[in-house]
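Open your viewer, set the cartoon and side chains so that both can be toggled, and follow along. Each stop says what to select and what is there.

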Amino acid sequence: MSRCFLVTVALTLMISGCGPDTGGRVGVTGTVTFQGQPLDSGNIQFDAVDGSGMTGAAITDGKYSVPAETGVIPGEYTVRVSKAGDDAAAPKPVAGEAPGDPGAFSPREEMIPEEYNLQSKLTTELTGDKENVYDVDIP
């Protein structure tokens, strides 16, 4: 065997073993549209159906990405999308409440319908043998 071949094999082995250790977790990417348009901002959450874990990401300009390093173990997941109303950045005081009281601010309005949020019917199978892409279209 030539010395060049041995060096090439050694470098290949070193490079292939230098990736980040994800502990078996996988990532997922995708797009989210709301009423036919990319969702400008919000959050997406993946909750394991068996209760073993969850992860999520911010949605920006209709796109999200969960890297494998902070991803989930392959399995079945319920998917939830949320977006606070435009007035959520500056909650308004509730009449008759002092600013320090727990009920002093009205709750943020959720823009996403419950069947895509708290009562989500969206599910997906995330696997470790391919790139996970999950797109959501909310009418």
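Two strands pair if DSSP finds at least two bridges between them. Helices (H or I, at least four residues) and strands (E, at least two) are DSSP runs, numbered from the N terminus. Before you select anything, note that this is a predicted model, in which local features need pLDDT of at least 70 and side-chain atom pairs count only at pLDDT 80 or more, while totals for chains, interfaces and linings use all residues. Residues are numbered from 1 along each chain as its sequence is written, and side-chain values use heavy atoms, with hydrogens and water left out.

**Stop 1: the whole chain**

Show the protein chain as a cartoon: there are one helix and eight strands, in the order α-β-β-β-β-β-β-β-β along the sequence. Switch to a surface and about 9000 Å² is exposed, with carbon and sulfur atoms supplying 57% of it; these areas come from the Shrake-Rupley method with a 1.4 Å probe, and for residues only the protein chains shown count as cover. Of the 139 residues, 30% are buried, where buried means under 20% relative accessible area, exposed over 50%, and partly exposed in between (1.4 Å probe, protein chains only). Taking a contact as heavy atoms within 4.5 Å, residues 24 or more positions apart make up 67% of the contacts with a separation of 6 or more.

**Stop 2: colour by confidence**

Now colour by pLDDT, the predictor's confidence in each residue from 0 to 100. The chain averages 80, and 68% of the residues score at least 70. Where is confidence lowest, and where is it highest? Helix α1 (residues 3-16) is lowest, with a mean of 43, and strand β2 (residues 37-38) is highest, at 98. Select residues 4-18 as well: pLDDT stays under 50 there, and the model has one contact beyond four places in sequence for this stretch.

**Stop 3: paired strands**

Select β3 and strand β6 (residues 75-82), which pair in the antiparallel sense over six bridges. Pick Ile44 and look across to its bridge partner in β6, Val81. Next, add β7: four bridges join β6 to β7, and these two run antiparallel. Here Gly75 has Leu126 in β7 as its bridge partner.

**Stop 4: the aromatic cluster**

Show the aromatic side chains; the structure holds two aromatic pairs. Rings of Phe, Tyr and Trp (its six-membered ring) pair if their centres lie within 6.5 Å; planes under 30 degrees apart count as stacked, over 60 as edge-to-face and the rest as tilted. Phe46 and Tyr64 have ring centres 6.0 Å apart and planes at 45°, so this pair is tilted. Phe46 sits in strand β3 (residues 41-48) and Tyr64 in strand β5 (residues 63-66), 18 residues apart, and both are buried. Now add Tyr134: its ring centre is 6.3 Å from that of Phe46 and the planes are at 75°, so this pair is edge-to-face. Tyr134 lies in the loop between β7 (123-126) and β8 (136-138), 88 residues from Phe46, and it too is buried. Ring pairs thus link Phe46, Tyr64 and Tyr134 into a cluster.

**Stop 5: two loop residues**

Most residues other than glycine have a negative phi. Select Gln35, in the loop between β1 (28-34) and β2: its phi is positive, near 55°. Then go to Asp61, in the loop between β4 (54-60) and β5, with a positive phi of about 50°. Gln35 is exposed at 58% relative accessibility, and Asp61 is exposed with a relative accessible area of 58%.
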